Amino acid sequence: MYLPTIEKGGSENVMELSGWTAKLEDLEVSLSKEFYKQYAGLPYDENVMVEHSARFQGLCREGLKQIGRDEIPELLFIHAVHGTEEVSQTRLKNQIYKKRNDDVAVTFNGQKVDLNSVRRFNREHIDDPQARKSVFDGLMGEARRLTSTLWRRFQVTREAYEKHALEPLGVYLVEEGISLKKLKEVVDQSARRAKPRFESESEELSPEVIGKEMEYFDDLYVYRHRIFEPFDSLFKDVDYVQEMRRITGRLGFDMDKVDIDSEPREGKYSSPVCFGIQIPRDVRILYQKTSPFGDYTSFAHELGHGLHFISVDEDRDFHERYLIPHGIAEIFSTLFEHLATSEEILTEELSIDEDTLEEILRRGRFMALYFLTFYGANSMLKIRFWEERLTMSEADQLYEELTQKYMGIRYPGTYWQTHHVVSMNDLYAPSYLLAEIRKSELLGSLRGRFGDDWWKKKQAGSFLREEFLSPGASIDLGSFSCLDPEPYLGGILP
Ligand SMILES: [Zn+2]
């Protein structure tokens with residue numbers, strides 16, 4: 001989670017690069033602390049956030065004026081250009097947040113359901129598809145109330161970049177180290193290869209999971225909440241924090257360096273989340289118990305982020321420690337998530353029996369297929385949104401076509417405007433796929449070097465830290481990845 005920064009009296013004489021980044025870091029830390037409190041359900045001050053974003057904006061503008069373009073590392077330059085409109089961004093983000101809670105809402109049997117509560121509603125009404133359909137349809141209509149604010153936010157981003165001869169898609173390609181042609185190819189081919197299997201597995205599994213065939217209102221999150229439920233009883237007594245401490249300890253990681261808050265608290269964010277407040281010294285995870293199997297995997301995911309952040313070399317520059325692109329950061333979260341749910345750990349460490357293991361793996365593969373097709377549509381939408389400079393209604397039209405093409409199910413066009421990742425970020429969606437592909441390539445290289453039981457070996461942990469974790473954003477991706485989707489797809493498709 002990277003939240004922007006600044007400094008008292010943004011107009012003061014800013015300085016050279018190192019002074020600038022020191023001030024940026026101070027603000028980054030203060031702002032993250034405030035957001036942490038918000039997510040932890042602790043008292044926080046919205047004014048402090050607004051004040052910080054104003055300072056951040058001032059500091060970005062001054063730094064870009066006073067420091068030569070060729071002196072500023074690319075990732076930092078991009079971050080600072082985006083930050084030149086931080087106040088508008090923050091204001092618009094808050095408006096979007098409020099609209100998602102208040103305006104985009106329907107009433108069902110006297111109960112208000114909005115975009116923030118719809119997943120809980122779906123969980124409670126999982127066996128009542130008529131109720132879910134009517135709420136879903138209602139919300140898709142109401143989503144138009146968000147359209148102008150989302151559009152404005154995308155425009156603010158575009159205009160800020162254009163002043164510095166950048167554009168959002170180009171920025172993303174630089175951050176992720178990929179060409180447009182390759183990005184589109186990877187997204188398109190992965191989704192297209194997954195589709196037939198997704199359709200046949202869906203036909204087989206859906207009656208077991210949701211009691212009927214899949215329809216447009218049965219989105220990924222409906223399945224995610226239900227599909228692993230049969231295993232909850234097996235995981236309810238697993239102390240997964242202790243398990244992960246033991247497993248990662250063997251690789252030489254010191255989980256005690258990550259602050260873990262498990263206390264249930266009113267207002268605490270319901271999903272586990274990791275904050276790199278001051279990388280690598282102050283890294284915190286928030287979690288609380290909701291459903292046993294889901295908690296186990298999502299804790300392992302956030303722990304992966306945490307172990308990454310504490311392993312970044314503290315002598316690295318600001319941009320190397322803080323501006324780690326999503327397609328890199330998610331490699332290590334998915335690596336640990338994968339490890340926690342791997343055949344080896346489930347059988348050898350958690351004593352799961354053979355039949356249960358098969359069923360967990362089968363359902364896990366189905367969710368991967370769902371991810372590939374659904375995120376194929378989401379990713380392609382955002383790529384083409386920027387590439388072709390689409391309007392919001394053109395984007396809605398395209399989204400209908402893309403869901404039909406990649407998933408075989410036509411979603412209402414406004415669905416993307418309601419999706420937290422797709423609508424609330426400039427791009428982001430393809431990064432999950434890039435990270436999954438790179439994670440599988442990395443796993444192949446770890447197995448090749450240390451054997452299939454690499455996860456039991458201290459040297460494998462040292463190698464992981466020295467080669468891949470400590471450089472932060474300066475990781476040499478080329479040393480293990482050519483973005484070949486085969487190793488990843490091969491694990492999912494027969
Ligand atoms: Zn993550």
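**Figure 1. The loop between β1 and β2, with N109.** In this predicted model, N109 sits in the loop that links β1 (105-108) to β2 (111-114). The two strands run antiparallel and are joined by four bridges, and one of the pairings places A105 opposite D114 of β2. Two residues lie between the strands of this hairpin, in which N109 adopts a positive phi near 45°. Most residues other than glycine have a negative phi, and N109, which is not a glycine, therefore merits a close look at its backbone. N109 has 6 C-beta neighbours inside 10 Å and so counts as exposed.

**Figure 2. L483 in the loop between α22 and α23.** The loop that contains L483 runs between α22 (458-469) and α23 (486-490). L483 is a residue other than glycine with a positive phi, here near 55°. Its surroundings hold 19 other C-beta atoms within 10 Å, and L483 is therefore partly exposed, since a residue is classed as buried if 20 or more such atoms lie within that distance.

**Figure 3. The cis peptide bond before P280.** The bond that leads from I279 to P280 is cis, with omega near 5°, whereas most peptide bonds are trans. P280 itself is placed in the loop between β4 (273-278) and β5 (282-286).

**Figure 4. Helix α3 and the helices around it.** Helix α3 spans residues 74-83, and nine of its ten residues are buried, so that the helix is largely enclosed by the rest of the structure. The buried residues are L75, L76, F77, I78, H79, A80, V81, H82 and G83. They pack against α2 (46-66), α4 (86-101), α7 (144-162), α8 (168-176) and α14 (318-322).

**Figure 5. The contact between domain 1 and domain 2.** The domain assignment divides the protein chain into domain 1 (17-99 + 159-166) and domain 2 (230-490), whose C-alpha centres lie 25 Å apart. To their contact, domain 1 gives 16 residues and domain 2 gives 19 residues. On the side of domain 1 that touches domain 2, the elements that give two or more residues are α1 (17-40) and α3, and the largest share of that side, ten residues, comes from α1. By residue class, the same side of domain 1 is made up of nine nonpolar, four polar and three charged residues.

**Figure 6. The largest nonpolar core and the surroundings of Y399.** The largest nonpolar core has 125 residues, of which L139, F336, A377, L381 and Y399 touch the most other members. Helix α17 (residues 354-387) gives the most to this core, with twelve residues, and at least three residues are drawn from each of domain 1 (17-99 + 159-166) and domain 2 (230-490). Leaving aside residues up to four places away in sequence, Y399 touches A377, L381, Y411, G413, Y415 and W416.

**Figure 7. Confidence along the protein chain, with residues 1-11.** The mean pLDDT of the protein chain is 93, and 97% of its residues reach 70 or more. Over residues 1-11, by contrast, pLDDT stays under 50, although the model has 40 contacts beyond four places in sequence for these residues.

Note on methods:
Residues numbered from 1 in each chain as written. Predicted model: local features only at pLDDT ≥ 70, side-chain atom pairs only at ≥ 80, totals over all residues. pLDDT = per-residue confidence, 0-100. Contact = placed C-beta atoms within 7 Å. Buried ≥ 20, exposed ≤ 12 C-beta atoms within 10 Å, placed from the backbone. Domains from an automatic or database assignment. Nonpolar A, V, L, I, M, F, W, Y, C, P; charged D, E, K, R; others polar. Core = buried A, V, L, I, M, F, W, Y, C linked by C-beta atoms within 7 Å. Pairing = 2+ DSSP bridges.
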